[in-house]
Amino acid sequence: MRILLVEDEQNVAAFIKKGLEEEAFTVDVATDGPEGLLMATEGDFDLLILDVMLPGMDGIALCRALRAKGVARPILMLTAVDSVERKVEGLEGGADDYLVKPFAFSELVARIRVLLRRRADLTSELSLDDLRVDLLARRVYRGGKEIALTQKEFSMLAYFLRNKGRVLSRTQIIENVWGYDFSPGTNIVDVHVKSLREKMDAGFARKLIHTVRGVGYIMKSGDDA
Ligand code: CA
């Protein structure tokens with residue numbers, strides 16, 4: 001799950017990013033309104049968190065602009081201003097939910113999960129052949145046997161499964177699993193695919209992750225490999 005956080009206060013942004021990454025989300029940060037607008041329009045995010053007080057364009061204007069551009073992703077607004085007026089303004093601007101700073105981190109995570117679950121195209125379970133992934137419990141089973149994965153391996157597997165049958169480039173994988181600020185040109189994707197294969201494909205006749213030479217990887221049933 002990939003989240004865009006638009007927040008200009010560096011310490012707040014770093015705190016939220018770190019906490020959400022511990023919950024296995026991938027988080028990209030934009031530090032002003034115009035940057036947020038650009039990233040939210042061009043990036044493939046599952047949810048957007050917008051601070052209300054932002055330089056360049058405030059969070060409410062940003063939310064309106066995104067809805068006007070047809071961005072339908074769930075939007076959660078954050079603000080230090082506990083005023084009913086701003087809240088109403090934010091919700092009228094197209095936000096799905098609202099959280100007043102300072103908030104308990106567990107509440108932020110709970111609200112995010114509710115918003116993500118509301119989306120019709122999101123299920124709590126993904127599967128392919130005898131592989132089954134429970135997204136809420138973050139558990140992976142193959143042939144009925146549980147497989148222990150690291151957070152990044154889990155994020156990568158969920159991304160592969162959501163896009164099964166589609167060739168994914170290394171750049172797409174990095175953007176979705178590590179975020180924009182991760183420097184490309186490393187072999188991090190290959191290293192993680194290797195460890196994922198060792199845990200998930202080794203010992204099974206049908207391989208599910210396939211290399212597409214010169215491009216990247218594809219997840220599909222072993223039958224048509
Ligand atoms: Ca702010």
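Here are two short exercises on a predicted model, each with a worked solution.

Before you start: residues count from 1 along each chain as its sequence is written. Local features need pLDDT of at least 70, side-chain atom pairs count only at pLDDT 80 or more, and totals for chains, interfaces and linings use all residues, while side-chain values use heavy atoms, with hydrogens and water left out.

**Exercise 1.** Find the protein donors of the calcium ion, then work out where Asp-8 and Asp-51 sit and whether each is buried or partly exposed.

*Solution.*
1. Donors are N, O and S atoms within 2.8 Å of the metal (3.2 Å for Na, K and Ca); water is not among the atoms, so sites may look incomplete.
2. Asp-8 (OD), Glu-9 (OE), Asp-51 (OD) and Met-53 (O) fit the bill, at 2.0 to 3.1 Å from the ion.
3. Asp-8 and Asp-51 tie together distant parts of the chain, 43 residues apart: Asp-8 is in the loop between β1 (2–6) and α1 (10–22), and Asp-51 is in strand β3 (residues 47–51). Helices (H or I, at least four residues) and strands (E, at least two) are DSSP runs, numbered from the N terminus.
4. Asp-51 is buried at 2% relative accessibility, whereas Asp-8 is partly exposed at 29%. Buried means under 20% relative accessible area, exposed over 50%, partly exposed in between (1.4 Å probe, protein chains only).

**Exercise 2.** Locate Asp-58 and find which backbone nitrogens its side chain reaches.

*Solution.*
1. Look in the loop between β3 and α3 (59–68): that's where Asp-58 lies.
2. Its accessibility is 27%, so Asp-58 is partly exposed.
3. The Asp-58 side chain reaches the backbone nitrogen of Ile-60 at 2.9 Å and that of Ala-61 at 2.8 Å.

Terms used:
A polar contact is a pair of N or O atoms within 3.5 Å; within protein, one must be able to donate a hydrogen and the other to accept it, and residues adjacent in sequence count only if both atoms are side-chain atoms.
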